[in-house]
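Me: I would like a close look at one part of this model. Please take the barrel and the helix that packs on it, then work outwards to whatever connects with them.

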Amino acid sequence: MSAFAPALLDPTAAIPPGLSDARGGPADRRFAVYRNNVVVSLTEAMATGFPVILKLVGDEFFRAMAGVFVRSHPPESPVLARYGAAFPEFLETFAPVAHLPYLADVGRLEFALREAYHAADAAPVAPDALADPRVMDAHLRFAPATRLVASPYPIHAIWRANSEAGAPPAKGGAETVLVSRPDWDPWPRAIAPASARFIQALLAGRPFGAALESAGDEIDLAATLTLLLDTKSIIAIEVPG
Amino acid sequence: MFDTRPPKLPAIPGVGYKPQHYSDILAGPGAVGWLEVHAENYMGDGGRPLAQLRALAALFPISVHGVGLSIGGEDPLDRTHLDRLKRLVDWLNPASFSEHLAWSSHGGTFFNDLLPLPYTDATLARVADHICEVQDTLGRRMLLENPATYLAFDETTMAETDFLTELVRRTGCGLLLDVNNVFVACTNRGENPEAYIDAFPVEAVGEIHLGGHDAQEDDRGAPLLIDNHGAEVVDPVWALYAHTLGRTGPMPTLIEWDNDVPGWPVLEAEAARAHAMLAETQA
C-alpha cells in the first residue's frame, strides 16, 4: 500500500510493482480504474459541496480545478460532509482564478451553509423571551447552525443570483451574511453592518448590553432581534443569577 | 462478548436509501421491506439527514453499511472514526452492520474508494484483528463484503473464498455476499463466477447485494467490468443470484444504485424482481 497509495493521486507516477491483470499481463489499464475512481469521486464530492462556485466558473473548469485541489488536499477523514474546508484558501492562491477575488468568500459561505445543514438540532427560545427586564446583562446562546460570514464583496447577492431562479444580478459592495437553519434548510441572509457587529459580539460571548454598545447607534435593534427570533437562532438566554 | 445471533434483516428485498426517494418510500414502499444507509452519510450532528433516518427507522429495519473503516488497510483502524460509527450504531440500533474487505485510507489520507489487498497470511492476520476490534467496539457481529476488484497481486497466496472462510473462522463475523461483485471480479480475472459461489462459505452469509456495473475492455481487449452501482442489474447477474439462492436459501437482498439514481418506480421494480425470485426459493 505504500506504493499503491501515492500513485493513486499522482497521475505521473509509475504503476506500482507486483500487480497484474490476473492473466499474466500488466495491470496498467486496471490500475487506472482505481486512480480514476479516487479523483472522480472526490471531484464529485466537491461539485456537490460547492454548487455556486461550480456555476460561477463553469462545469469543465470547476472539475479541472477541483482535480488540482483533491490531489493537493486529499481528505483525511471518511466523513466527506466536512471535506473542502481548505478550498476557500486554495481559491485565494490558485492563479487561474486570481481575476475572481470574491470566489474564496463565496466558498466560505457555501461551506458555512453545509456546516449549518449538518449542525446539531436545538430548540429555539419562545418569541417573547427577550422581554426579560434583565436582558441587558444576559448572555445569548445561539443555535449550533449559526454562522456569520463577512466579505468585502456582495457574496450573498452573488450566492442568490446563482442559486435562486429569478434572483436579481449581483451588485454592490461588502456584505456580512447570517447563516441560520430555521428548520432543515440553511438560510443565508445579508445583514446591516451594525447588526453584524452586534451578533459578532454576542457570538464572542459578550453580554447583550455590551454587544449593543459595540454595535453603534445606527443599529435597528428591533429588526435585528426579530430576525434572530424568526430564524430560530437563539436557543437560551442566560441571565446572571 | 458480542451478540452472535444472526442479523435480524428479513429475507426480503431492501434498497440503498437515497434522500430523493423519501416521500415515495413513505407513500408506498412496494416490494421494498428494509433500507440500507451508508454510515458515513449519517455522522453529522443533526439536521435533516438524521431526522429522516430516525423517521425511517421507526418504519423499516435499517442496515448500516460502512464505506470508510478501511478494514483491509495496513494502518491501525482510525479510532476517531470507529467512535463515530459506534455513536451511530448505539442510537440507531440497526438490524445489521456491514463493511468491506478493502482499504480506503493510508498514511492519513482517505481515498474514497474501496481499494484491493493481497491475500496472504500477513493480511489475513491483520484483517482478522481489525474485524475483532470493530466487533468488540460495536458490541455486535458484523458482516464483511467480498470486493469488486480490477487487478491481482503477485504476492497473493490464497483464493478470496479461502481468505473469507478463514476470517469467519477466526473472528465469528458474518459475510455480505455481493453477487454483482462476484460477477465483476471473476470476469475481470477470467474465472467462473458460479465456481466462486460454490466455493463461498454460504453458512456465514447474512445478506446479499445486487447492483449494476459498466462493461469496458482493458488494453488487450479483455473484458473489464466496473462496479459503478449506476444501472439495472444485468441478466447474467440475476442468473448468478438464482444460483446463489439455491445454495443460501432465502436471504435479505439489497438493490444498490448509488450513481445516476433512477426514479422510485425503476428501483422498486428491481426489488420486485428479487422478491419474485426469493418467493420461488426453498427455505
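Reply: What follows starts at the barrel, moves to the helix, and then goes outwards to the chain contact and a few loops.

The model is predicted.

Start with the barrel. Chain B holds a closed barrel of 8 strands. Their order is β1-β2-β3-β4-β7-β9-β10-β13, and the pairing is parallel. From one strand to the next, the twist averages 30 degrees. As general background, strands of a sheet pair through backbone hydrogen bonds, either parallel or antiparallel.

Now go to β9(B) and β10(B). These two strands run parallel and are joined by 4 bridges. One pair of partners can be named: L175(B) bridges to V205(B) in β10(B). Helix α6(B) packs on the sheet here, touching β9 and β10 of chain B. The direction of the helix makes about 65 degrees with that of β10(B).

How many of the 11 residues of α6(B) are buried? The count is 10, so the helix, residues 179-189, is largely enclosed by the rest of the structure. A residue counts as buried here if 20 or more other C-beta atoms lie within 10 Å of its own. The buried set begins with V179(B), N180(B), N181(B), V182(B) and F183(B). It goes on with V184(B), A185(B), C186(B), N188(B) and R189(B).

What do these buried residues pack against? Four strands are on the list: β8, β9 (174-178), β10 (205-211) and β12 of chain B. Helices α7 (193-199) and α8 (235-248) of chain B are on it as well. Just after α6(B) comes G190(B). Its phi is positive, near 70 degrees.

Follow the barrel on from β10(B). This strand pairs with β13(B) in the parallel sense, over 4 bridges. G211(B) has E256(B) as its bridge partner in β13(B). Next, β13(B) pairs with β1(B), residues 13-16. That pairing is parallel too, over 3 bridges. Here P13(B) is partnered by T253(B).

Which way do the residues of β13(B), 253-256, point? T253(B) and I255(B) point one way, and L254(B) and E256(B) point the other way. All of them are buried. The bridge partners T253(B) and E256(B) thus belong to opposite sets in the strand.

Past β13(B), the chain enters a loop. D260(B) sits between β13 and α9 (264-279) of chain B. Its phi is positive, about 45 degrees, although D260(B) is not a glycine. Buried or exposed? D260(B) has 10 C-beta neighbours inside 10 Å, so it counts as exposed.

Another loop of chain B lies between α2 and β3 (62-65), and A58(B) is found there. A58(B) is exposed, with 8 other C-beta atoms within 10 Å. Along the chain, A58(B) and H275(B) are 217 residues apart. Their C-alpha atoms are separated by 23 Å.

Next comes the contact with chain A. 38 residues of chain B are in contact with 37 residues of chain A. Several elements of chain B give two or more residues to this side: α2 (48-57), β5 (103-106), β6 (109-115), β8 (152-153) and β12 (223-226). β6(B) gives the most, with 6 residues. By class, the side of chain B has 13 nonpolar, 14 polar and 11 charged residues.

β8(B) and β12(B) link this contact back to the helix. Both give residues to the side that touches chain A, and the buried residues of α6(B) pack against both. β8(B) also pairs across the chains. Strand β1(A), residues 19-20, runs antiparallel to β8(B), and 2 bridges join them. L19(A) has F153(B) as its partner.

Finish in chain A, with a helix pair. The axes of α8(A), residues 193-203, and α9(A), residues 208-215, come within 8 Å. They cross at roughly 145 degrees. The crossing is right-handed. From α8(A), the residues in contact are A194(A), R197(A), F198(A), A201(A) and L202(A). They meet A210(A), A211(A), L212(A), S214(A) and A215(A) in α9(A). This contact divides into 8 nonpolar, 1 polar and 1 charged.

One loop residue of chain A also has a positive phi. K232(A) lies between α10 (221-230) and β6 (234-238) of chain A. Its phi is about 55 degrees, although K232(A) is not a glycine. K232(A) has 19 C-beta neighbours inside 10 Å, so it counts as partly exposed.

Notes
Residues are numbered from 1 along each chain as its sequence is written. Chains are lettered from A and ligands numbered from 1 in the order in which they are written. This is a predicted model: local features need pLDDT of at least 70, side-chain atom pairs count only at pLDDT 80 or more; totals for chains, interfaces and linings use all residues. Two residues are in contact if their C-beta atoms, placed from the backbone, lie within 7 Å. Ala, Val, Leu, Ile, Met, Phe, Trp, Tyr, Cys and Pro count as nonpolar, Asp, Glu, Lys and Arg as charged, and the others, Gly among them, as polar. Two strands pair if DSSP finds at least two bridges between them. A residue is buried if 20 or more other C-beta atoms lie within 10 Å of its own, exposed if 12 or fewer, and partly exposed in between; C-beta atoms are placed from the backbone. Axes are lines fitted to C-alpha atoms, for helices over the stretch in contact, and angles run from 0 to 180 degrees between N-to-C directions. A crossing is left-handed if the near helix is turned anticlockwise from the far one by less than a right angle, and right-handed if clockwise.
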